[in-house]
Amino acid sequence: MKEIRFFSILTSLFLFFSGLMHTSAQDADREMRIWFTEPAQNWNEALPVGNGHLGAMIFGGTERERLQLNEESVWSGSPGWHANPAAQKTLPEVRRLLFAGKYQEAEKLARSGILGSFKRDDASSYQTLGDLYLDFGEMRATSNYIRELDVRNAVARITYTANRIKYSREIFSTAPGKAVVMRITADSDDAISFTARLSRPGNMAAFKSADNEIEMSEHVGNGNGVRLSARLKIDPEGGSLTTSGDSIKVDKAKSVVIFLTAATDYWGSDPSQTSSDRMEEISGKTYEDILNEHIQDYRSLFDRVSIDLGSNDGSYFTTDARLTAIKNGYTDNDLIELYYQFGRYLLISSSRPGGLPANLQGIWADGLKPPWSADYHININIQMNYWPSWITNLGELQEPFIDFIDAMRPAARRTASEVYGMKGIVAHYTTDVWHYTEPLGAIRYGMWPMGIAWSCQNIWDHYLFGGDIQYLRDKSYPIMKEAAEFCIDWLTEDPRTGKLVSGPSISPENSFKIPGGGNASMVMGPTMDHMIIRDLLQNTLEAGRVLDTDRNFRKKIEKTLVKLAPVQTGSDGRILEWHEELEEAEPGHRHISHLYGLHPGNQITSQRSPELLEAAGKTIEYRLSHGGGHTGWSRAWIINFYARLKNGEKAYENVVALLTKSTLNNLFDNHPPFQIDGNFGGTAGITEMLLQSHAGEIELLPALPAIWKTGHIHGLMARGGFQVDIDWENGKLIQATIASVLGNPLKLSYLGNIVELKSTEKGKVYVFGENLQIKGN
């Protein structure tokens, strides 16, 4: 933790003093707000603020304001063990049946003998912290209403005129201050009167009030979950204030500042004391100091990247109107820029070092039982959450994800040992804050032991971008090694081919038609498993070489890689999803798992495997022609696929489809329902269209669509420790500015031209022209 943050601080200082922090005066003038001319009518229209730990959805009502609140660790449930005791002895027979082609018999046996009967969704859930309501009374003759989220400064605002008085609210969630803060002002003295009330669904919360402060507390889940404490404090200028129970009444104030702090006992501390300490600290500062500190903290992250895809007049219209215009064929590159930076905003606002990773909804979820419990699906969703972290220069925000996987290791080790009789660590399709790792649920999603193995791809990237050897040694490599140990034990020889295959396993959530009738999901040898395992073993092998450790284990990895089943193509030229050519039951399925090697992996590239690149293209086209990409995150993944295929027009086509078919008016991704991974995947995909570094070189503008004729993107990060600025005009590269953060060799490419520097100077900036000629060095 300490090492990677220190690296990030050094990097930021280097970028600042070299002039490469990227919000220029021109960028600052560009519209970067989500805005509307009416209050939110439902949760999906509200505006999110967050500091990584504490969030709010702002509705913006004139007579009644609602802030729906979240704290990242408000979870019901508790640690437990729910494995099937018969799993280990059942495994060999399930494998035998699958090798014999008896799919339905194998699935029936696996359901009773391997999967646990535990009902995951009944056991735990992420939950709302509660609601803050502000009742203002009747507002007559309301006009000039604007509700907006300033993405550049992470501040939400509501302004309107009522009763001939102009009212303004400013709301943000400050990371340095660990609080949600609101200021209410009016252009007339004594004009602000309202009643503030805290509440929580279920009516189980207890309230304490004194002076100008209320504490709401509850042991969630009817005593099976965390204990929470939320505090509300109101500081009025002028007027009067009275407190009673769950409410505070303000009468005839000139202005008001509202503070909200919260904590749980998830991390082991007393939540009441923690929320009290935070309240005492934040309320002792002036509003101006709190706001300035918040903006400075936020922009130290946000300002690292600027993007310009071409200007238009769309920013004069509300965000919902702009989305409607795109549906009607209007080109709005400014909205794509806003969507891109909103993805970065959401990551900054939902994932900060020292906390939990962003879940299926980031940190924003309503009620006591949000969709899929707003948990941590590790069969693509949490991995997608962090695809934009390093490439958009927010590398330290991936720390919570790595820490979370690290915290799973004791449970994952037990699952590997007791469920499968194997070494290492293993987890399946999903988990929660209690770190369960056992196989459970239905075959089509539950019988998939690759959750941690896939996560190791993100973890290895953390080293490739950041270059922190100490972090690799202390945190990343131990996770990767144990995951590799499991995979080596898990692989078994296919008696038909002599190759090592994974199984019993599935291609996540998809199924195939059994020759002779019926459907099944489980096989020996799904393509995605082998891609993930190959990725993991190759990366663990390289990590061992970097650290000069575990020589004997590295030899074992090398032998395993030689025998691992290869990627295969079918008679129609598509990549096979399973071990043999089986017909998909859902040919337009949202998961396109067998293209993991194209993205986020690096096994399918023009440099290494052009024949598989062509097969990958056919695979995507087939999926889309049968209705694929119909969910938000799936569409976002397709953008990344086409970027890796270097097809800028198709990538752009899917960017537009993501906005028109899978984006809510507040720019949240719509699965449906809301699921935040599509936002992160969309931002990552746009980045991949403009810069790639997964294939051993830094490739500039690999999938630039014609519609982005002239523009720039500044501040991206590439593997090897390089910060990259790209400027283009009339569809052609004008200049690339590469800052060497680590002093590694550089291989740069553009439209087939390649330039190599065998060494670079740490801290030096290199400028390349339109033909990659070095300029002014």
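Q: Which residue in β16 is the bridge partner of R183?
A: In this predicted model, R183 is bridged to V257 of β16.

Q: What makes strand β9 and strand β16 a pair?
A: Strands count as paired when DSSP finds at least two bridges between them. Six bridges link β9 (residues 179–186) and β16 (residues 255–264), so the two strands pair. They run antiparallel.

Q: Where do β9 and β16 sit in their open sheet?
A: The order of the nine strands is β1-β6-β7-β8-β9-β16-β13-β12-β11, which places β9 and β16 side by side. The pairing in this sheet is antiparallel.

Q: Which are the edge strands of this sheet, and what makes them edges?
A: They are β1 (33–36) and β11 (206–210), each of which pairs on one side only. On average, and with direction ignored, neighbouring strands here are turned by 15° against each other.

Q: Which strands does helix α7 lie across?
A: Helix α7 (residues 287–302) lies across β7 (155–162), β8 (165–174), β9 and β16. With respect to β8, the helix runs at about 55°.

Q: Why is L198 called buried?
A: A residue is buried when its relative accessible area is under 20%. L198 has a value of 1%, so it is buried. The residue lies in strand β10 (residues 192–199).

Q: Which residues does L198 touch, leaving out those up to four places away in sequence?
A: They are L69, D131, L132, F207, I214, M216, A230, L232, D246 and L260. One of these, L132, is 66 residues apart from L198 in sequence, yet the C-alpha atoms are 4.8 Å apart in space.

Q: How do you know that β10 pairs with strand β15?
A: Pairing takes at least two bridges. β10 and β15 (residues 247–253) share five, so they pair, and they run antiparallel. One bridge pair here is R197 with S247 of β15.

Q: What makes β14 and β15 a hairpin?
A: Strand β14 (residues 240–244) runs antiparallel to β15 and is joined to it by five bridges. Two residues separate the strands. In the turn, G245 has a positive phi of about 60°. Along the strands, L241 stands opposite V250.

Q: Why are α9 and α21 called oblique to each other?
A: The axes of α9 (residues 333–350) and α21 (residues 677–690) cross at roughly 125° and come within 9 Å. Perpendicular covers 65 to 115 degrees and antiparallel begins over 145. The crossing angle falls between those ranges, and therefore the helices are oblique. The crossing is left-handed.

Q: Which residues of α9 and α21 meet?
A: From α9 come I336, Y339, Y340, F342, G343, R344, L346, L347 and S350, and from α21 come G678, N679, F680, G682, T683, I686 and T687. This contact divides into eight nonpolar, seven polar and one charged residue.

Q: Why is L746 described as buried?
A: The limit for buried is under 20% relative accessible area. L746 has 3%, so it is buried. L746 lies in strand β31 (residues 746–750).

Q: Which residues does L746 touch, not counting residues up to four places away in sequence?
A: L746 touches I698, F722, I738, V755, E756, L757, T760 and F768. F722 is 24 residues apart from L746 in sequence and 8.6 Å apart in space, C-alpha to C-alpha.

Q: Where is β31 in the order of its open sheet?
A: The four strands follow the order β26-β27-β31-β32, so β31 stands between β27 and β32. The pairing is mixed. The edges are β26 (691–692) and β32 (753–757), each pairing on one side only.

Q: How do you know that β26 and strand β27 pair?
A: They have two bridges, and at least two are needed, so the condition is met. The sense of this pairing with β27 (residues 698–700) is antiparallel, and L691 has L700 as its bridge partner.

Q: What makes β29 and β30 a hairpin?
A: β29 (residues 722–729) and β30 (residues 732–740) pair in the antiparallel sense over eight bridges, with two residues between the strands. N730 in the turn has a positive phi of about 50°. I726 and A736 are bridge partners.

Q: How many bridges join β30 to strand β33?
A: Four bridges join β30 to β33 (residues 765–768), and the strands run antiparallel. A739 stands opposite V765 in β33.

Methods. Residues are numbered from 1 along each chain as its sequence is written. This is a predicted model: local features need pLDDT of at least 70, side-chain atom pairs count only at pLDDT 80 or more; totals for chains, interfaces and linings use all residues. Side-chain values use heavy atoms; hydrogens and water are left out. Axes are lines fitted to C-alpha atoms, for helices over the stretch in contact, and angles run from 0 to 180 degrees between N-to-C directions. A crossing is left-handed if the near helix is turned anticlockwise from the far one by less than a right angle, and right-handed if clockwise. Contact means heavy atoms within 4.5 Å. Ala, Val, Leu, Ile, Met, Phe, Trp, Tyr, Cys and Pro count as nonpolar, Asp, Glu, Lys and Arg as charged, and the others, Gly among them, as polar. Buried means under 20% relative accessible area, exposed over 50%, partly exposed in between (1.4 Å probe, protein chains only).
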